[in-house]
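Let's take a friendly look at how aromatic rings can meet in a protein. Keep the viewer open as you read along.

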Amino acid sequence: FVIDHAQGHQSNTHEWVAPGISTEAHNLQQVPLTVFPWLLAELSADRAVSLPDIRSLPDSAGNERAEFEREGIRSIAIVPVWDAAALAGFVGFDAVRQRVEWGEDYMMGLRLLAQMLGSALRARAMARQLQAMAFHDPLTGLPNRKLLQERLEAALRREETGRQVLVAMVDLDDFKRINDAHGHAVGD
């Protein structure tokens, strides 16, 4: 699951099920964070949830119990996925055919998987940020000279196959006077 704090919801992004087990990911999209408050509190406190029998959920986890029962889940193990200091989501196992006692090895492996996922999410975000910084003007967000050059070269290569390329250029005459008289902040 990925948690989107800005939008206030969580979504099941990936699901693997054994043959004969129904998929549920399509039913768990953009679920408001308020729907499963007990689980969110546990994960936000960096606590793993390891339940060999979902009937042992506390009364305060009524929504969670109802959802697990709806899905036919008998046992569940969930750990938080962190992106730096923010709860980014969670990953886990559930068992529907029989109850499972989630041992320390399972939980440790699940924690390690969650750490790897958190690192991968952070690396992907940093790569996107670096690419945006490399190819876009920080003030306007428009493509910069480097991206223009790459796209123009690609367009010219396509032109060799019979396509035409049109380039338009805009120049503001005497704009330097505005910057000189009022400063770059006003000019920007």
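How many aromatic pairs does the structure hold? This is a predicted model, and the structure holds four aromatic pairs. One of them joins F93 and W102, whose rings are stacked, with 5.8 Å from centre to centre and 15 degrees between the planes. Planes under 30 degrees apart count as stacked, so an angle of 15 degrees fits that label.

W102 also pairs with Y106. Here the ring centres are 5.5 Å apart and the planes stand at 85 degrees, so this pair is edge-to-face. The cut-off for that label is over 60 degrees. Taken together, F93, W102 and Y106 make up one aromatic cluster.

Are the members of this cluster buried or exposed, or something in between? The table gives the relative accessible area for each residue.

| Residue | Relative accessible area | Class |
|---|---|---|
| F93 | 35% | partly exposed |
| W102 | 10% | buried |
| Y106 | 46% | partly exposed |

W102 counts as buried because its 10% lies under the 20% cut-off. F93, at 35%, and Y106, at 46%, are partly exposed because their values fall between 20% and 50%.

Now let's visit another residue. Where is E42 placed? E42 sits in helix α1, which covers residues 37-44. With a relative accessibility of 16%, E42 counts as buried. Leaving aside residues up to four places away in sequence, E42 touches R47 and V49.

Methods. Residues numbered from 1 in each chain as written. Predicted model: local features only at pLDDT ≥ 70, side-chain atom pairs only at ≥ 80, totals over all residues. Heavy atoms only, no water. Phe/Tyr/Trp six-rings, centres within 6.5 Å; stacked < 30°, edge-to-face > 60°. Buried < 20%, exposed > 50% of the residue type's maximum accessible area, 1.4 Å probe, protein only. Helix = DSSP H or I, 4+ residues; strand = E, 2+ residues; numbered from the N terminus. Contact = heavy atoms within 4.5 Å.
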